[in-house]
Amino acid sequence: METQRSLTREMLNKVPAVTLAFWVIKIMATTVGETAADFLIFNIGLGLVMTSLIMGALLLIALFCQLRLREYVPTSYWLVVVLVSIVGTLVSDYLVDDLGITLATTTILFGTGLALVFAAWYASERTLSIHSIFTTKRELFYWAAILFTFALGTSAGDLVAESVGLGYGTSAVIFGALIAVVYLGHRLGVGAVLAFWVAYILTRPFGASMGDLLSQPVGNGGFGLGTTGTSVLFLVTIAGLVTYLTITRADRIKTSQVVEVDA
């Protein structure tokens, strides 16, 4: 029993506490996923396929390093999140732009994929809580779910902003309002695990809409900052926040938050 408890305390630190900083960095990471993908494809001229291969390889390397860690390290964790955001965007764009699959279809496909990951995760571990990630198996389920949330959010955000024709600003307002509803629901008694994952999904299209709103030309309904300016601005902000968290350890899960697991 004591061995199990010690292991649980040690491994819970693989993920951060869900604080305001967590959501700020996550939303910025989703924005970077949208703008950085466009920057690499169009500004650098790598093209969608080459960009996808390069970023996919970088994600695998970063994830391998993350899985080898025995505790939560902000720089490693958030690097994987940023790369997952970019790869999730690229996967959605490849299916839509290169294979010609509609946004409605990819939204359904990614939503189904996420549901299957959750089902397999719960069937195996009997929990979907991010505060119980104390084995490699659970961490793999966690990152698989994260990847599907980013891909789903990309397709859903583009579906609302482009196919439905509401525009980037309106889309950002809609998804922001939905996030506020989830927060209110949580305050009124909706379970923390459900509220977290719904909010995590919604912050992806919210961040993507914000990224497009900031980067797209004024004639297309944006602010005209460009993908380069937007990406640099948000990456610098993310780096600053991650440095702050590394120094202050403000996002470490306290021992009192640990749910001990029976052997």
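This briefing describes the nonpolar core, several helices and a handful of individual residues of the structure above. The structure is a predicted model, and the values below are computed from it. Its largest nonpolar core holds 63 residues, and a search of the whole structure finds 20 aromatic pairs. The points that follow begin with that core, turn to Tyr-200 and its surroundings, and then take up polar contacts, two helices and the backbone.

**The nonpolar core**

- Within the largest nonpolar core, the residues that touch the most other members are Tyr-77, Trp-121, Tyr-142, Trp-143, Trp-197 and Tyr-200.
- Two or more residues of this core come from each of the helices α2 (20–43), α3 (48–68), α4 (74–98), α5 (103–125), α6 (136–163), α7 (168–187), α8 (192–215) and α9 (226–248).

**Tyr-200 and its surroundings**

- Trp-197 and Tyr-200 are both located in helix α8, where three residues, or about one turn of the helix, separate them.
- In an α-helix there are 3.6 residues a turn, so residues three or four places apart point the same way.
- Both Trp-197 and Tyr-200 are buried.
- The ring centres of Trp-197 and Tyr-200 are 5.9 Å apart and the ring planes meet at 55 degrees, so this pair counts as tilted.
- Once neighbours within four places in sequence are set aside, the residues in contact with Tyr-200 are Phe-22, Trp-23, Lys-26, Val-81, Ile-146, Thr-149 and Phe-150.
- One of these contacts, Lys-26, is placed over the face of Tyr-200, at 4.2 Å from the ring centre.

**Gln-66 and Ser-76**

- Gln-66 belongs to helix α3, and it is classed as buried because its relative accessibility is 0%.
- Ser-76 belongs to helix α4, and it too is classed as buried, because its relative accessibility of 14% falls under the 20% limit.
- The side chains of Gln-66 and Ser-76 make a polar contact of 2.7 Å, and a further polar contact, of 3.0 Å, joins the side chain of Gln-66 to that of Glu-139.
- Beyond residues up to four places away in sequence, Gln-66 touches Lys-14, Ser-76, Tyr-77, Val-80, Glu-139 and Trp-143; among these, Tyr-77 and Trp-143 are also in the group of core residues that touch the most other members.
- For Ser-76, the contacts outside its neighbours within four places in sequence are Gln-66 and Leu-69.
- Ser-76 and Gly-219 are 143 residues apart along the chain, and a distance of 38 Å separates their C-alpha atoms.

**Thr-106 in helix α5**

- Thr-106, which is found in helix α5, is classed as buried because its relative accessibility is 0%.
- A polar atom of the Thr-106 side chain lies 3.0 Å from the backbone oxygen of Leu-103.
- When neighbours within four places in sequence are left out, Thr-106 is in contact with Leu-95, Val-96, Ile-101 and Ser-155.

**Helices α6 and α9**

- Helix α6 has 28 residues, which at 1.5 Å a residue should span 40 Å, and the 39 Å between its end C-alpha atoms agrees with that expectation.
- Helix α9 has 23 residues and an expected span of 33 Å at 1.5 Å a residue, which agrees with the 33 Å between its end C-alpha atoms.
- The buried residues of α9 are Thr-227, Thr-230, Ser-231, Phe-234, Ile-238, Val-242 and Leu-245, and the elements that cover them include α2, α4 and α8.

**Positive phi values**

- Most residues other than glycine have a negative phi.
- Arg-126, a residue other than glycine, nevertheless has a positive phi near 60 degrees; it is located in the loop between α5 and α6.
- Arg-126 is classed as exposed because its relative accessible area of 55% is over the 50% limit.
- Arg-249 likewise has a positive phi near 60 degrees without being a glycine, and its place is in the segment after α9.
- Gly-165 comes just after α6 and takes a positive phi of about 85 degrees.

Methods
Residues numbered from 1 in each chain as written. Predicted model: local features only at pLDDT ≥ 70, side-chain atom pairs only at ≥ 80, totals over all residues. Heavy atoms only, no water. Core = buried A, V, L, I, M, F, W, Y, C linked by side-chain atoms within 4.5 Å. Buried < 20%, exposed > 50% of the residue type's maximum accessible area, 1.4 Å probe, protein only. Helix = DSSP H or I, 4+ residues; strand = E, 2+ residues; numbered from the N terminus. Contact = heavy atoms within 4.5 Å. Polar contact = N/O pair within 3.5 Å; in protein donor to acceptor, adjacent residues only side chain to side chain. Expected span 1.5 Å × (residues − 1). Phe/Tyr/Trp six-rings, centres within 6.5 Å; stacked < 30°, edge-to-face > 60°. Lys NZ or Arg CZ within 6 Å of the ring centre and 35° of its normal.
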